[in-house]
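Thanks for coming. Please have the sequence and the model open while I talk.

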Amino acid sequence: MIKNGSLNYRKPLSWGEYDPHRRGNTRIGMWAWLWQRISALAVIVLLGLHVTLTYRPLIQFLLLLAVTFHATLGLRVILLDFNIVGVKYHRALVGGLVGLGLVVMGLVWFSIY
Amino acid sequence: MAQTSGGVRNIKVFRYDPQQGGEGHFDSYVLNIQDETTTTILDVLLRIQREQDPTLSFRFACRVNMCGSCGMVINGKEGLACKTNVSHIPQGKEVTIRPLNHFPVIKDLVVDMEPFFKKYEEALPFYEPREETTEPAVIRPGSRERQDIGMATDCIACGCCVSSCTMCHYHEGYAGPAALNRAFTLLADSRDGLFEERLDRVLASCYNCRTEFNCTEVCPKRISGTRAIKYIQRLALKHIKAKPETIEAEQPAVAQPSCASEMAGSMAGNMAGNMDRRTFISQVGVGLLGTCLALGVGGVVGAAFVGPTRARTPRLWVPAASLSSIPVGDVTTIKINYETKNGLYTQQVAERVLVSRTGDEIICFKASCTHLGCMVKWDGNAGRFRCACHGGAFDRNGKVIAGPPPKPLDRYPFRVDSDHLLVEVG
Amino acid sequence: MVSKVKADLLIIGMGAAAQMAALYAHEINPELDILIVTKALKGKGGCSRMVQGGFNVVLTPRDSHEKHLMDTLKGGQYINDQYLARTLVEQATPTIKEMETKFGCFFDRNPDGTIHQKAFAGQSFDRTVHKADLTGIEIISRLTEQVMKRGFPVLQECRAVELLLDGPGEIVTGALLLDMRRGEFIVAEAAATLVATGGGPTHYRFHAPGPEKSVDGIAMLYRAGVIMKDMEMLQFHPTGLIVPGSVVAGALLEEGLRGAGAHLFNGSGERYMLNYAPEVGERATRDVVSRSSYLEMMAGRACPEGGVQIDASHLGAGFVLKTFPGMAERCRQFNYDLARGRVPVSPTAHFFMGGAVIDTGGRSTLEKLFVAGEDAGGVHGANRLGGNGICDSCVYGRQAGKALGKYLSGGNRSIKETRRGQVEEFMARLEAPLQRSRGANPFELRKAIQELNWNKVGVARKEPELSGALSEIEDIAEAVETAGVTGGAVYNMMYNTYLDIRSMIDATRIVAFSARLREETRGAHFRQDFPEQRDDYGLFNIFLKRSDDGRPVAEKKPVVFKYKSLEECRKYKK
């Protein structure tokens, strides 16, 4: 059979390579995924700080923020995984859940302090 | 009707010449476009090729979004050249066109789709009849399986989803959205006979999805790869539970010839339907229970935090002590007792009030730390309020001088009524 | 350097006919070594994929093969090969059932779960099976998967450029292929060759098939000396979308729209079809509607975009969006609202009714050569009914596959020797333009051919335009001999355009030649100088082949009324 071996292919372009407008086109679903990963890292770091440096309102606030992001975005995946919310609402889900999370977080914050 | 919007556009096209090799580069072309709302990217490429640079290569066939040959990355988003109009790109902005990701580039915008077809084939994308029949199956268009499958069989294998998927980049073995979508349409199809094998094939792959929806966003046929993948994930869950049942259920079905009186074609479908329904219901049950629990716990915790600030008891003036019994220049601790009505029951409350009297000024502090509510005591020697729990300290005016308290001591409003000090509680 | 491949069965093309043939040949004889070559990617080329409407087939006892046959003959204005037409309607029923039960197609259903059949023009019964308005995608995707499953080797982006013959030129030994990705030739030799490239008339200004298609099959068959039939019968579809300046121009709005009751208006806002065909109006056959639209446009009653307008809004926006999602979306892309407004359309070159002469097994007049689908002629007579096209491809693909399976099992599995020097001759001619970087520009020549055909061999034809076209195409052919191509060998689209126009020139020659010989109006063939259909004169088929000097020679033979007499056909009312 004919093989394309002798053809001089360029190696596959990877995501974002030679792609001047890619970042501007990052969609909300991808942001959601990205922010969940970032918040996971933030939770680990801030948790460490919280244990070592107790009672710093700033650290507590950031920790709560990171946890809120991580939890709501995790909730998004669960809701989608189990088809409790249809995938066609996935965009609204990100805004809705994160918004709700932030409101709850705000209430918690102001009730403590 | 068409509102004309024309203009001059800068077009940047990725070029790669296999005879020269290398990384490739962008070439710029300037094109005067009469009406951007009716000019597709394919038209743009054809015009460049015919008017400016005949060596430009790209792939196309049907030009009406039915063949999926002209997938490319247009301004950072995958799409079909024939389905993307120049007007879809903000006015005046340059247009950049580059080949799809994750496929070897043959020349310019032409990629080798072989990796795509290979992965597609690995997912067993072909129909294998469950049983030999000559008559088309009777399946209602409103049936659960057809509702699930919907238009997902309209995939034209253009490769846009695979190109947009970041996970295809990180996981060599990931089958990608297109292959999984086809697998899903067959897994959901009651006529198909390769359920187990196909599920085995795609199971490992489907957990590589990170729910980014990139594939859904770029699909020119508006098929949601994510939806398909989630479906397979759920199917896998059901399948683990259903596996022993399937074996049991199949044997009696053979032993009961009475079932055979039904239409053979639909029988298999119905059985699969019942099985699915059972596991589906149990799963929904678990799901609902979980949600209720989460909501319940969340509610209680939330109420515990939020409740106290919300539930305002009516204000009450409680006599604390006679003014003359409070020494000037010192801090006196006074116990007050009162009743509050909280919901349905009446509560006896005993609180301590720290009264600081200097000259004419009187301040009534609450004796609870603003950190976590521990009792605060006056340390006359140090001239400060101290909290025993976490070492919080406040000065004479209640200001925080040390420790975790986030804000000064709370104060009671008070008034003096004919030599009596009254504080307001509630 | 020319590489060689050998197979028992060489299939050129990868549309419905080609794939069905491969699948059925394999079913009859699983040991066959089948090689598929396609000009595009796997399953992405060909016009079958672009089928919107659907597949005409008799499925209920209320309908009958008899009625389907009569509709087909009536639509074809009686000059069909009745033997082929009868096979078509009778084999369509098992074909569609096997496509569902064996290959996994799933067509739209009635609420009770049986297969839904919708209305198309020119039919006595609503018998068009479909999948929304994207039927081709369903059929081709499913067939391609079955081809994958059986592991047939597929040479992608390899286009056949010439058929190879033995010494006396009577046996086809294979084909010369061009691997577009490398720009290298491949000699493919086989014990039997099936030509099923389809890909009809793109040599017109407005054309429905995708512009990468180029009548290669018909041109190759003609050049190889196959006898062709009724080549003047070239269908214009009445509703090709008008999009000024875009390559999308000419793309179809499918017939189901008229079938469902859409109206056509001329520039003055008049439902002109009521004047031309008062009884059926817009549901007249394609030849009638195209001709009427063309006459309206010529009479100065065109809409501002230069065509006529189709209006489906009175059917209800919801209905239109649900029934014709693909078309509604395509219209929306170009700022037309199919559901609520009028959309400008024009007749557009669509389909060759004519083609190679075949029997019901797809055998052509040369040995070891089979033809199926659009490349073959005779099934549809002078006009094809909407929905009979994909039906033809699938049914005759299946027929050819079965015949090939049997043929190759019965001691014919030997590859004959190609005439010495033939490959070298072809290559020397074909490679010449690559050596000339300057010369006539193939892109411009292509445009010239399209304009020439549109103006002189188009919807309405007359002398002396036809003769003029015949001499003009020779001028263009001469220019093509001096054409030059820039760029390297790899994926050179300019070079491919050069190959395209070679085919288009041969197609123009035979269509114009044949059109000049039929001095009457019949079906899709409209002669302004002979506007009447003359049954006393015109009940013949024009058989044509390439003579030694490269020009066609033709012979008229009376139509054989094998099953239905002319009287029966005439009297038949839908």
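I will cover a domain contact in chain C and then the cysteines of chain B.

This is a predicted model, where local features need pLDDT of at least 70, side-chain atom pairs count only at pLDDT 80 or more, and totals for chains, interfaces and linings use all residues. Residues are numbered from 1 along each chain as its sequence is written, chains are lettered from A and ligands numbered from 1 in the order in which they are written, and side-chain values use heavy atoms, with hydrogens and water left out.

Chain C has domain 1 (3–233 + 351–409), domain 2 (236–348) and domain 3 (432–558), with bounds from an automatic or database domain assignment. Between domain 1 of chain C and domain 2 of chain C, about 1800 Å² is buried, 55% of it on carbon and sulfur atoms; buried area is the accessible area (1.4 Å probe) that two parts lose on being put together, summed over both. On the domain 1 side, C:Gln52, C:Asp133 and C:Phe206 lose the most area, together 31% of what that side buries.

These two domains share one salt bridge, a side-chain nitrogen of Lys or Arg within 4 Å of a carboxyl oxygen of Asp or Glu. C:Lys118 and C:Glu254 form a salt bridge at 2.9 Å, N to O.

Now the cysteines. How many disulfides are there over all chains? Zero, taking a disulfide as a pair of cysteine sulfur atoms within 2.5 Å. The sulfur of B:Cys165 has its closest cysteine sulfur in B:Cys168, at 3.7 Å, so it is too far for a bond. For B:Cys219 the closest is in B:Cys158, at 6.3 Å, also too far.
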